[in-house]
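Trainee: Could you walk me through this one? I'm new to it and will probably jump between topics.

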Amino acid sequence: MSTLPVYRWRLAPDGYATRRQLRARGLRPGGQEVAATVERPRRRRGPLVAHLYRVDLALPVRPMTPGRWAALAAANAARRLCPACGRDAGYVIPTSLGTCVPCSYPERDSHGIAA
């Protein structure tokens, strides 16, 4: 089993990119394995590690089809729907609450003041 090359922060050679850097270029890893890692040292904790992929093996990002746009819209709409009252909250419901704010804090009025 071979080990991956490890580079220091900002010292990786050309031809490698992170997922975000690939996406900014309109590319995706395309099933390739991680080619290298880059480490950013920190004082009191372990280093931050980012995986690098080879740019020459990256594939173009798949285009959004009408079906994908519809699925994305449905998923975003579901994140706005309160499971307790069934209303569209008008915002993405925080996972920490699980329900819209009025359902999470029923003792407060619409202005957030306790009754």
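Trainee: Which residue does Tyr16 stand opposite in S5?

Mentor: Tyr16 stands opposite Arg54 in S5, where a strand is a DSSP run of E with at least two residues, numbered from the N terminus. Before going on, keep in mind that this is a predicted model, in which local features need pLDDT of at least 70 and side-chain atom pairs count only at pLDDT 80 or more, while totals for chains, interfaces and linings use all residues. Residues are numbered from 1 along each chain as its sequence is written, and side-chain values use heavy atoms, with hydrogens and water left out.

Trainee: OK, and how do S2 and S5 pair?

Mentor: S2 and S5, the latter covering residues 48-54, pair in the antiparallel sense over two bridges; two strands count as paired if DSSP finds at least two bridges between them.

Trainee: How many bridges join S4 to S5?

Mentor: Five bridges join S4 (residues 36-40) to S5, and these strands also run antiparallel. Within that pairing, Val38 has Ala50 in S5 as its bridge partner.

Trainee: So what's the strand order of the sheet?

Mentor: The order is S1-S4-S5-S2, in an open sheet of four strands with mixed pairing. S1 (6-8) and S2 (16-17) stand at the edges, each with a single partner strand, so one side of each is left without a neighbour in the sheet.

Trainee: Back to S4 for a second: is Thr37 buried or exposed?

Mentor: Thr37, which lies in strand S4, counts as buried at 9% relative accessibility; buried means under 20% relative accessible area, exposed over 50%, and partly exposed in between, using a 1.4 Å probe and protein chains only. Not counting residues up to four places away in sequence, Thr37 touches Leu4, Pro5, Val6, Tyr7, Val49, Ala50, His51 and Leu52, where contact means heavy atoms within 4.5 Å.

Trainee: Different topic: which residues make up the largest nonpolar core?

Mentor: Six residues make up that core, namely Ala17, Leu22, Leu27, Tyr53, Val55 and Ala58. The term covers buried Ala, Val, Leu, Ile, Met, Phe, Trp, Tyr and Cys residues joined through side-chain atoms within 4.5 Å.

Trainee: Last thing, how many disulfides are there?

Mentor: The count comes to zero disulfides, a disulfide being a pair of cysteine sulfur atoms within 2.5 Å. For Cys85, the nearest cysteine sulfur is that of Cys82, 3.6 Å away, and for Cys100 the nearest is that of Cys103, 3.4 Å away.

Trainee: And is Cys100 buried or exposed?

Mentor: Cys100 counts as buried, at 4% relative accessibility, whereas Cys85 is partly exposed, with a relative accessible area of 32%.
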